[in-house]
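User: I should like to learn how a domain arrangement and a ligand site are read from a model. Could you guide me through an example?

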Amino acid sequence: MMAKNQTLGEFIIDNQADFPYSSGELSRLINSIRLAAKVVNHEVNKAGLVDITGEYGDTNIQGEEQQKLDVYANNKFIQTLTNREIVCGIASEENEDFLTIKGCNGDHQNKYVVLMDPLDGSSNIDVNVSVGTIFSVYRRLSPVGTPVTAEDFLQPGNMQVAAGYIIYGTSTMLVYTTGNGVNGFTLNPALGSWYLSHPNMKFPENGKIYSTNEGNYIHFPQGVKDFIKYCQEEKEDRPYTSRYIGSMVSDIHRNMIKGGIFMYPESSRARNGKLRLLYECNPMAFITEQAGGKASDGFKRILDIQPEKLHQRTPFFCGSKKMVEKAEEFMQR
Ligand code: AHM
Ligand code: MG
């Protein structure tokens, strides 16, 4: 049931029975994410006021320089998730290895692992452009009562029980799925409440926006070059519009509402592209499929890839079904 002006809290209670394992734990997990998101949102909004932005000095596992807000968001989400008796392990784009979380009795009774990119697109912070948080949730495979293992995190995306993102944009939204469609909630910052603003979100089957970093054109595989030329051709409903924020959450969020395709392909400089399968592509692919769209590496379904490493990268094509199919057609020629 979807009441008007429904808050996220009410929505979670109303829809608890739809969760794959309706023990209430997953609800509590989503609850802790919405809490951390509010705190991070508050900090992101202040970024222009206080001297919190800028390089932190540290380099993360990807060899990129971390900015202060990445670190802040990472710590905040870890802290909030750890304080609840739900999560037995967390893997983050900002940490080299996964973290093992013990319950308050020092045991390992908790059932879920969370993988996240605490602040994606953080190079956009300094210029006041939207950033996002991405999260992905799995049931552990290892026996309850034992410490988590790498296998708990290296599950294919089709095993996700929940995934979502927070977009810190002109308004702040939390969009998530538990495998039963996609719903979007907008934060009222004055009250600190999330309201159901985008029930049952769906990618239009086809679209007119393509989003990719065309500066890399020369390094793209021929299939991507040909698809881009197709998008630019004056024929039928083309040329399409090009829109690229450089903040994946925002690019995909816009495309989900308006219809479009987002691409971060492999290139002659980066054989597997840039984006991480576990922290970025799998959760966005789960949401995309739940919203009727499609997500692929150009050849096969993202959610069926068996991960081998935590920080594995993959080419990524994601968006309106027909557009992704068209891109695949060019890739596979
Ligand atoms: P990040 O995790 O270091 O922030 O990088 C991921 C971001 C995505 O949000 C975005 O789509 C992409 O990097 C942009 O990369 P590029 O500048 O190469 O186009
Ligand atoms: Mg990222």
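Analyst: The following dialogue treats the domains, the ligand and an annotated site in turn. The model is predicted.

User: Into which domains is the protein divided?

Analyst: There are two entries to consider: domain 1 covers 8–198 and domain 2 covers 209–332. The contact between them draws 34 residues from domain 1 and 28 residues from domain 2. On the domain 1 side, strand 5 (112–120), strand 6 (131–139), strand 7 (162–168) and strand 8 (172–177) each contribute at least two residues. Strand 6 gives the largest share of that side, with five residues.

User: Where does ligand 1 lie with respect to domain 1 and domain 2?

Analyst: One looks at which domains supply the shell. Both domain 1 and domain 2 give residues to the shell around ligand 1, so the ligand lies between them. Of its eleven surrounding residues, Asp120, Gly121, Asn213, Gly246 and Met248 come nearest. By class, the shell holds two nonpolar, five polar and four charged residues.

User: At which residues does UniProt place the feature "binding site"?

Analyst: The unreviewed UniProt entry places this feature at Asp117, Asp120 and Glu280. These residues span 164 residues in sequence, yet no two of their C-alpha atoms are more than 8.4 Å apart, so they gather at one spot.

User: Does Asp120 count as buried or exposed?

Analyst: Burial is judged by counting neighbours, with 20 or more within 10 Å meaning buried. Asp120, in strand 5, has 26 C-beta neighbours inside 10 Å and therefore counts as buried. Glu280, in helix 7, is likewise buried, with 27 such neighbours. Among the residues that Glu280 touches are Asp117 and Asp120.

Note on methods. Residues are numbered from 1 along each chain as its sequence is written. Chains are lettered from A and ligands numbered from 1 in the order in which they are written. This is a predicted model: local features need pLDDT of at least 70, side-chain atom pairs count only at pLDDT 80 or more; totals for chains, interfaces and linings use all residues. Domain bounds come from an automatic or database domain assignment. Two residues are in contact if their C-beta atoms, placed from the backbone, lie within 7 Å. Helices (H or I, at least four residues) and strands (E, at least two) are DSSP runs, numbered from the N terminus. A residue is near a molecule or strand if its C-beta atom, placed from the backbone, lies within 6 Å of it. Ala, Val, Leu, Ile, Met, Phe, Trp, Tyr, Cys and Pro count as nonpolar, Asp, Glu, Lys and Arg as charged, and the others, Gly among them, as polar. UniProt positions are given in the numbering used here, feature names are shortened, and annotations may be inferred rather than shown by experiment. A residue is buried if 20 or more other C-beta atoms lie within 10 Å of its own, exposed if 12 or fewer, and partly exposed in between; C-beta atoms are placed from the backbone. Lists of a residue's contacts leave out its neighbours within four places in sequence.
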